[in-house]
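Dear colleague,

Please find below the structure that I am handing over to you, together with its sequence. My findings are set out after it.

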Amino acid sequence: MTYAMTPDGTRIAYQIQGRGTPLVLLAGQANDHHWWDAVRADFNPARSTVTLDYRGTGDSDKPDASYTTELFARDVIAVLDELGIDRADVYGTSMGGRVAQHIAARHPRRVGALVLGCTSPGGPHSVERGNYVRRALAQPQPDAARQALLELMYTPRWLASHPGPHHTLGDPRMPAHARRRHLVASNQHNAWDLLPGISAPTLVVHGSDDLLNPAANAPLIADRIPDARLHLIPNGRHAYFEEFRAHASPLVLDFLTTAHKP
């Protein structure tokens, strides 16, 4: 296992595969690097992909202290420093997109191109999920709550032919304190005032049928970041990048390639 050490002494486990221009892949809330298992190979032929286990997940340390999306962004920078990578493209999905916003806004020289998937700006300007979604996820029966999350991630048709395992449902090894702190970090994210300062070429991607993180957040972000592009994946839910990988992965790779052309 390979680790980067953060300034506060937390070990962050990271993984690197492939060759080429570095591409950092950032997972969703309460998930480790396995979030990307189903699609990582789509990028490896052309890219050197870097993933990490957020503090609180996977093989990283799990301190019982305050977590924020800005802190997660600093952890990513620590990984890049450990690898000697001065500049990388960044693709963040869900909470990973929130983390990516901080990286691009606060560390602009470290980001070549930026992709923000199924995410939101946070704060009072964001579009919150409906109460019926919250109730479905808060059901006291674990199996019912898990099924509700699955159906927010994927279409029923896809689930019928893909029984799992599904690596987007959270890291099962997380201690309860870390899971709570991830939830707070994601809920308290607010990058609205930072978005206009992002200078990296940016693509905003979202599933058109995403209810977990409503698709209405995508144009909010795209309108807020100078010259950002917006692309909605028809029929996609929260895990559009996996279910619609034949559409989403080439879209992202094409954007990253053209973003670096003069």
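The notes that follow describe the sheet, two helices, the nonpolar core, the aromatic pairs and some backbone features.

Please bear in mind throughout that this is a predicted model.

**The sheet**

The model contains an open sheet of 8 strands with mixed pairing, in the order β1-β2-β4-β3-β5-β6-β7-β8. Its edge strands, each pairing on one side only, are β1 (2–5) and β8 (229–233). From one strand to the next, the twist averages 25°.

At one edge, β1 runs antiparallel to β2 (residues 11–18), and 4 bridges join the two. Within this pairing, T2 stands opposite Y14 of β2. Strand β3 has parallel partners: 4 bridges join it to β4 (residues 47–52), and its pairing with β5 is also parallel, over 4 bridges. On the β4 side, P22 stands opposite S48; in β5, Y91 is the bridge partner of L25. Because 5 of the 6 residues of β3 are buried, this strand is largely enclosed by the rest of the structure.

**Helices α2 and α9**

Helix α2 (residues 95–106) has 12 residues, which should span 16 Å at 1.5 Å a residue; the end C-alpha atoms are 17 Å apart, in agreement with that figure. Since 11 of its 12 residues are buried, α2 is largely enclosed by the rest of the structure. The buried set includes the polar or charged positions R98, Q101 and H102. Against the buried residues of α2 pack β3 (21–26), α1 (69–83), β5 (88–93), β6 (111–117), α6 (176–187) and α7 (217–224).

Helix α9 (residues 245–259) has 15 residues and reaches 20 Å from its first C-alpha to its last, close to the 21 Å expected at 1.5 Å a residue. Its buried residues are A248, S249, L251, V252, L253, F255, L256 and A259.

**The nonpolar core**

Which residues touch the most other members of the largest nonpolar core? Of the 75 residues in this core, they are L26, Y91, L114 and F241. Helix α9 gives the most to the core, with 7 residues. In soluble globular proteins, nonpolar side chains tend to be buried together.

Two of these residues may be followed further. L114 lies in strand β6 and counts as buried, at 0% relative accessibility. Leaving aside neighbours within four places in sequence, L114 is in contact with V90, A100, A104, I198, A200, P201, T202, L203 and F255. Of these partners, A100 and A104 are among the buried residues of α2, and F255 is among those of α9.

F241, not counting residues up to four places away in sequence, touches W35, W36, V39, Y91, T93, C118, T168 and A248. F241 also belongs to an aromatic cluster formed with W35, W36, F43, Y91 and Y240. The C-alpha atom of one cluster member, Y240, is separated by 18 Å from that of L114, and the two residues are 126 places apart along the chain.

**Aromatic pairs**

The structure holds 8 aromatic pairs. In one of them, the ring centres of Y54 and F72 are 5.1 Å apart and the planes are at 45°, so the pair is tilted. Y54 lies in the loop between β4 and α1, whereas F72 lies in helix α1; the pair therefore ties together parts that are 18 residues apart in sequence. Both Y54 and F72 are buried.

F72 also pairs with Y67: here the ring centres are 5.8 Å apart and the planes are at 65°, so this pair is edge-to-face. The relative accessible area is 1% for Y67 and 0% for F72, and each of the two is buried.

**Backbone features**

Most residues other than glycine have a negative phi, and most peptide bonds are trans. Three places in the model may be checked with this in mind.

- The peptide bond from G164 to P165 is cis, with omega near 5°. P165 is in the loop between α5 (156–161) and α6.
- A30 is not a glycine, yet has a positive phi of about 60°. A30 is in the loop between β3 and β4 and is buried, with a relative accessible area of 5%.
- N235, likewise not a glycine, has a positive phi of about 70°. N235 is in the loop between β8 and α8 (240–243) and counts as partly exposed, at 48% relative accessibility.

With kind regards

Terms used
Residues are numbered from 1 along each chain as its sequence is written. This is a predicted model: local features need pLDDT of at least 70, side-chain atom pairs count only at pLDDT 80 or more; totals for chains, interfaces and linings use all residues. Side-chain values use heavy atoms; hydrogens and water are left out. The expected span of a helix is 1.5 Å times one less than its number of residues. Buried means under 20% relative accessible area, exposed over 50%, partly exposed in between (1.4 Å probe, protein chains only). Two strands pair if DSSP finds at least two bridges between them. Axes are lines fitted to C-alpha atoms, for helices over the stretch in contact, and angles run from 0 to 180 degrees between N-to-C directions. Contact means heavy atoms within 4.5 Å. A nonpolar core is a set of buried Ala, Val, Leu, Ile, Met, Phe, Trp, Tyr and Cys residues joined through side-chain atoms within 4.5 Å. Rings of Phe, Tyr and Trp (its six-membered ring) pair if their centres lie within 6.5 Å; planes under 30 degrees apart count as stacked, over 60 as edge-to-face and the rest as tilted.
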